[in-house]
Amino acid sequence: MKDYGDDISCKKTPNVSLNAEITRRKAFASAFVSGAIVSNSMDGGIVANAQQVPTKIPISASWKAVDGLNSNDKIVSFDASAYKAMVDDSSRTPLFKKSIINRLNSAPNGPESQTVLDLGTGPFAVFAIMAAEAGAGKVYAIEGNPEAAASARATIKSSGLSEIITVYEGFSSDITLPAKADFAIAEIVGSIASEEGAYATILDAHTRLLKEPNNPNSWIPNRIQTYAAPSSYTLHNLFQPPEFDWSKLNGEPVRFNCRDEALQLMSNPILLEDITFSEITNNKSFWKKDITFTIDQERLDDNTLIFYDELRKNRLSKSEAEDVSKRTGRAFTGIAMWPRLFLDADEKIQVNSRSYPNGGHQKSHWQTVLPIMNDVPITGLKGGDEVSVNVDFNVGSDILKPPSYRLNGFVTMYN
Ligand SMILES: C[S@@+](CC[C@H](N)C(=O)[O-])C[C@H]1O[C@@H](n2cnc3c(N)ncnc32)[C@H](O)[C@@H]1O
């Protein structure tokens, strides 16, 4: 069993709550999928017909980075509570502070020789202030959200650091700095690492804003990743058509508090996105690859027990909790994704939003993102079955165009 700690608020709460009234599930029509006979179980969900070996069930999802998130139609934006959750994230902010201080102290001519860029400073200018307090000679703080930029100016003024830190309001691509920076702090990392437009922003910053953009010491973080694993989700099993129509989400993924036990992984995680800021070039903005996850029986067994406990906590009767947890523990909903960051050039300072390498729940303000890849859960999976997807992400080379994501593939069930 895995280790779970305290809860923490996240960038955005999930769309649906386990405390909502639980409706009765209904059986619905049989379907023929991919040449193999599959049918809907009495409790909803697709199950393989035992005579067919193997059974392949198609799965797919596609969405844009801004779907379901606050945005100004161009980049993801945040409300005050989301900004506060970032600053208060004890698994993130102190590690950024350590990296900023280390980087300034490693400058041959001392911290005061360094010009720092805080790209996406936010309303608290948190990293700009850390850099100034650690002795940076000059800090440029860019912020594209007008309210956040105004708050950043006020915060800097009240900290008495206005002489060192200058706030520039607008998209970084529209801003020319008086001088290029020695290094940039750029916490523009989404719950899918690329979804806040980091690729296009850093690509542009390479050409205009940094002295040595190809030097790994020029970026905090220098490398961002997205990990992924097929997942089971209780509410997808509890709420089903015709009362609850998941297709109405229109591809918009469900976003989970990182600690939410309603989502459990069915296999070991696999690296999906891997973006190194010092190596960004214009021709890497498309991510296309094929990935196969192998379902892990031990995880399914663990997950069933966790789901049972959660459902009991949410006042389901013993028999219903047993029934739902057994089914959910073996049911595929979609491929969950979450980020990982390497803050320093040596990759010694790492920020994990779920535990690495197993993907267990832990404290983080980042979310776990789950596209629903079939209108009903695909039930009856067991160890050795496979989930294969073609990953087709366009993480963008234009700051004003949100990244887009597509996952297409199959669940393959062996008899
Ligand atoms: C995840 S928040 C981080 C805020 C703060 N740096 C922190 O770590 O607490 C990212 C911020 O960057 C801003 N941002 C993202 N891309 C930007 C760009 N290309 N130009 C200007 N601001 C940008 C967003 O508006 C947002 O305020």
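Before you click on anything, one definition: an axis here is a line fitted to C-alpha atoms, and the angle between two axes runs from 0 to 180 degrees between N-to-C directions. With that in mind, select helix 4, residues 146-158. Helix 4 lies across strand 6 and strand 7, and runs at about 165° to strand 7. Keep in mind throughout that you are looking at a predicted model.

**Stop 1: the whole chain**

Zoom out and colour by secondary structure. The protein has eight helices and 19 strands. Of its 415 residues, 50% are buried. Now think about which parts of the chain touch. Among contacts with a separation of 6 or more, 78% join residues that are 24 or more positions apart.

**Stop 2: the parallel sheet**

Go back to the strands under helix 4 and add their partners. In what order do the five strands of this open sheet come? The order is 7-6-5-8-9, with parallel pairing. Strand 7 (165-169) and strand 9 (219-220) are the edges; each has a single partner strand, so one side of each is left without a neighbour in the sheet.

Next, select strand 5, residues 115-119. Strand 5 runs parallel to strand 6, and five bridges join the two. For one pair to look at, show valine 116, which stands opposite valine 139 in strand 6.

**Stop 3: around the ligand**

Select the ligand and show its surroundings. How many residues surround the ligand? There are 22, and the closest are Gly120, Gly122, Gly144, Ser172 and Glu187. Helix 1 (80-87), helix 3 and strand 6 (138-143) are the elements that give two or more residues to this shell. Colour the shell by class and you should find ten nonpolar, nine polar and three charged residues.

**Stop 4: two helices side by side**

Helix 3 leads us onward. Two packed helices are described by the angle between their axes and the distance between the axes. Select helix 2 (residues 93-105) together with helix 3 (residues 126-133): they pack at an angle of about 40°, and their axes are 10 Å apart. Their crossing is right-handed.

Show the side chains where they meet. From helix 2 come Thr93, Phe96, Lys97, Ile100 and Leu104; from helix 3 come Val126, Phe127, Met130 and Ala131. By class, the contact has seven nonpolar residues, one polar and one charged.

**Stop 5: a buried strand with two partners**

Now select strand 15, residues 334-342. Is strand 15 mostly covered or mostly open? Mostly covered: nine of its nine residues are buried.

Strand 15 pairs with strand 10 (residues 223-233) in the antiparallel sense, over nine bridges. Strand 15 also pairs with strand 16 (residues 350-352), again in the antiparallel sense, over three bridges. Show arginine 340 to see both pairings at one residue: glutamine 225 stands opposite arginine 340, and in strand 16 the bridge partner of arginine 340 is asparagine 352.

**Stop 6: the antiparallel sheet**

Select strands 4, 19, 18 and 14. In that order they form an open sheet of four strands with antiparallel pairing. The edges are strand 4 (55-64) and strand 14 (286-294), each pairing on one side only. From one strand to the next, the twist averages 10°.

Follow strand 14 to its neighbour, strand 18 (residues 386-394): they pair in the antiparallel sense over nine bridges. At threonine 294, the bridge partner in strand 18 is glutamate 386.

**Stop 7: two loop residues**

Start with threonine 379, in the loop between strand 17 (368-370) and strand 18. Why does threonine 379 count as buried? Because threonine 379 has 23 C-beta neighbours inside 10 Å, and 20 or more is the cut-off for buried. Threonine 379 and asparagine 237 are 142 residues apart in sequence, while their C-alpha atoms are 9.2 Å apart in space.

Finish at glycine 251, in the loop between helix 6 (234-238) and strand 11 (254-256). Glycine 251 has 17 C-beta neighbours inside 10 Å, so it counts as partly exposed. Leaving out residues up to four places away in sequence, glycine 251 touches Ala61, Ser62, Trp63, Asp67 and Pro371. Glycine 251 and lysine 64 are 187 residues apart in sequence, yet 8.6 Å apart from C-alpha to C-alpha.

Key:
Residues numbered from 1 in each chain as written. Predicted model: local features only at pLDDT ≥ 70, side-chain atom pairs only at ≥ 80, totals over all residues. Left-handed = near helix turned anticlockwise from the far one by under 90°. Contact = placed C-beta atoms within 7 Å. Nonpolar A, V, L, I, M, F, W, Y, C, P; charged D, E, K, R; others polar. Buried ≥ 20, exposed ≤ 12 C-beta atoms within 10 Å, placed from the backbone. Pairing = 2+ DSSP bridges. Near = placed C-beta within 6 Å.
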